[in-house]
Amino acid sequence: MKLFLDTADVDEIRRGARLGVVKGVTTNPSLAAKAGVGGMEGYKAVVQEIASIIDGPISVEVVSPDVEGMITEGKEYATWIPNPWVKLPSTAAGFEAMNALSREGIEINQTLCFSVNQALLGAQAGATAVSPFVGRMDDIGQRGMGLVGEIVAVFRQHGIKTQVLAASIRHAFHCVEAAKAGAHIATVPYPVLAQMAKHPLTDIGLERFLEDWRRANAP
Ligand code: G3P
């Protein structure tokens, strides 16, 4: 399972990149706003800076509500960086825009996916990846990771090549579950990535190693 960073914060991306495990980045309008991005020019500048740090797919989300606007934005985003994945919503307008943009060879990340049916439609409309939102389903008492597993199973059963990108990841155990469910990618906030590396027994064990070494090599 590949790991992407789910952020538009360039400092977080620089820190994550140093681990050598970040293979892409996903952004969305909320993450862009949180990172202080202003307007389309600001979004372009941040996306291009992110692409200078991470050479994998960078997801850039449309903000137009209508099909024509989504298509226009998607074509524009495709010129910004070498490896853009245009984020389009799991709506009728989004699927129409996916169909148009994928036919032009533009990669698509289908976002805000909350059902197998939406994933099936997006895959047929040409999505490169579909993003089931795990945390937001958990928030309302539904099993978000169950949806990831169902989409993986259905895509595998029918030989569908669209990748399953587990999104709305809230904690390190979601990463374990997404990997076990067969997700191709999990996009994680930086704090979750940092948490994945931590275990108290590692810290205790390392301290004991170093203490024993210090004692054995004391002058
Ligand atoms: O990639 C989608 C993600 O940013 C949404 O996360 O925590 O707002 O549901 P969250």
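Visitor: How far is a polar side-chain atom of Asp6 from an oxygen atom of the ligand?

Guide: First, a heads-up: this is a predicted model, where local features need pLDDT of at least 70, side-chain atom pairs count only at pLDDT 80 or more, and totals for chains, interfaces and linings use all residues. Residues are numbered from 1 along each chain as its sequence is written, and side-chain values use heavy atoms, leaving out hydrogens and water. As for Asp6, the gap between its polar side-chain atom and a ligand oxygen is 2.5 Å.

Visitor: Which side chain has an N or O atom 2.7 Å from an oxygen atom of the ligand?

Guide: Two arginines come up here. Arg170 has a side-chain N or O atom 2.9 Å from a ligand oxygen. The 2.7 Å distance belongs to Arg136.

Visitor: How much of the ligand's accessible area does the protein cover?

Guide: Accessible areas come from the Shrake-Rupley method with a 1.4 Å probe. On its own, the ligand has 310 Å² of it, and the protein's share of cover is 80%.

Visitor: How many residues of the shell around the ligand are charged?

Guide: Around the ligand are Asp6, Asn28, Leu31, Lys87, Phe133, Arg136, Ala167, Ser168 and Arg170. Asp, Glu, Lys and Arg count as charged. Besides 3 nonpolar and 2 polar residues, the shell's charged count is 4.

Visitor: Is Asn109 buried or exposed?

Guide: Asn109 is part of strand S5, residues 107-113 (strands are DSSP runs of E, at least two residues, numbered from the N terminus). Buried means under 20% relative accessible area, exposed over 50%, with a 1.4 Å probe and protein chains only. Asn109 has 0% relative accessibility, so it counts as buried.

Terms used: A residue is near a molecule or strand if one of its heavy atoms lies within 4 Å of it. A polar contact is a pair of N or O atoms within 3.5 Å; within protein, one must be able to donate a hydrogen and the other to accept it, and residues adjacent in sequence count only if both atoms are side-chain atoms. Helices (H or I, at least four residues) and strands (E, at least two) are DSSP runs, numbered from the N terminus.
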